[in-house]
Amino acid sequence: MSTKIRLARHGKKGYAFYHIVVADSRSPRDGRFIEKLGTYNPNTNPATVELNFERAVRWIGVGAQPTDTARSILSKEGVMYRHHLNGGVKKGAFTEEVAEQKFAKWVAEKEAKAAQAKAAQDAAKAKTAKERLEAETKVKEAKAAALAAKLAEAAKAAETAAGEDAAEDAAAAEETEAPATEEGAAEEAPAAE
């Protein structure tokens with residue numbers, strides 16, 4: 001029986017979630033499987049992988065063939081490297097202790113690289129947020145300046161209008177006084193006749 005390590009799709013439409021399984025190569029993708037090794041969730045950033053490491057190494061050791069995507073996942077998790085080191089121990093190229101040291105060094109480098117990538121991503125996110133806040137502040141200040149100019153213009157127009165009204169009122173008052181004096185003079189004139 002030819003066994004494969006592959007992904008079985010679960011989750012809902014548009015939100016795929018996969019189980020990493022060992023299955024007979026003749027069984028359907030989401031069908032019968034021999035053993036579930038873990039899960040893979042590509043929807044998170046970075047993708048989340050939960051894996052039973054020892055069982056995955058064992059299945060690779062007994063000849064299960066991973067699919068391309070499963071091989072990529074197993075390689076990133078270190079299963080393929082661990083299998084490679086186990087092959088070196090079997091051949092006598094180095095001891096089990098040396099293999100453990102090499103694997104521990106690889107894991108440390110991988111974690112350091114992941115932490116560095118996470119820090120760079122956080123820094124980029126913070127920089128983007130800061131730039132967005134600065135742009136928003138500039139827009140807000142521009143709107144405030146435009147509103148202040150509009151209010152100043154409206155106040156100036158109101159002041160000018162008030163000055164004109166006062167001038168018109170004064171002119172109207174003078175006109176009412178002038179016709180009254182003229183009327184008074186006109187009334188006196190007919191009386192003098």
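At 40% relative accessibility, Asp 30 counts as partly exposed in the predicted model. The residue takes part in a salt bridge with Arg 29, in which the closest N and O atoms lie 2.8 Å apart. Arg 29 is likewise classed as partly exposed, its relative accessibility being 48%. This ion pair belongs to a set of 6 salt bridges in the structure, and the remainder of the description proceeds from the overall fold to the strands and then to further charged pairs.

The secondary structure of the chain consists of 4 helices and 5 strands. Read from the N terminus, these elements follow the order β-β-β-β-α-β-α-α-α. The overall dimensions depart from those of a compact globule: for 193 residues such a globule would have a radius of gyration near 16 Å, whereas the chain has 43 Å. Along the principal axes, the C-alpha atoms occupy a box of roughly 145 × 40 × 20 Å. Buried residues account for 19% of the 193 residues. The exposed surface of the chain comes to about 13,900 Å², of which carbon and sulfur atoms supply 56%. Of the contacts between residues at least 6 apart in sequence, 33% join residues at least 24 apart.

Strand 2, spanning residues 15-24, pairs with both strand 1 and strand 3. Strand 1 (residues 3-12) runs antiparallel to strand 2, and 10 bridges join the two. Within this pairing, Leu 7 has Ile 20 of strand 2 as its bridge partner. The two strands form a hairpin with 2 residues between them, and Gly 14 in the turn adopts a positive phi of about 80°. Strand 3 (residues 35-41) also pairs with strand 2 in the antiparallel sense, here over 5 bridges. In this second pairing, Val 21 stands opposite Lys 36 of strand 3. Strand 2 is mostly covered, with 7 of its 10 residues buried.

Asp 24 is located in strand 2. With a relative accessible area of 15%, Asp 24 is buried, because this value falls under the 20% limit. Its side chain makes a polar contact of 2.9 Å with the side chain of Arg 26. Asp 24 and Arg 26 also form a salt bridge, with the closest N and O atoms 2.9 Å apart. The two partners differ in their exposure, since Arg 26 is exposed, with a relative accessible area of 67%, whereas Asp 24 is buried at 15%.

A further salt bridge is found between Lys 118 and Asp 122, where the closest N and O atoms are 4.0 Å apart. Both residues lie in helix 4 (residues 96-192); because they are 4 residues apart there, about one helical turn separates them. Lys 118 is partly exposed, with a relative accessible area of 44%, and Asp 122 is also counted as partly exposed, at 36% relative accessibility. In addition to these pairs, Arg 82, Glu 96 and Glu 100 are linked in a network of salt bridges.

Methods. Residues numbered from 1 in each chain as written. Predicted model: local features only at pLDDT ≥ 70, side-chain atom pairs only at ≥ 80, totals over all residues. Heavy atoms only, no water. Buried < 20%, exposed > 50% of the residue type's maximum accessible area, 1.4 Å probe, protein only. Polar contact = N/O pair within 3.5 Å; in protein donor to acceptor, adjacent residues only side chain to side chain. Pairing = 2+ DSSP bridges. Rg over C-alpha atoms; globule rule 2.2 N^0.38 Å. Contact = heavy atoms within 4.5 Å. Areas by Shrake-Rupley, 256 points an atom, 1.4 Å probe, with all protein chains shown as cover. Salt bridge = Lys/Arg side-chain N within 4 Å of Asp/Glu carboxyl O.
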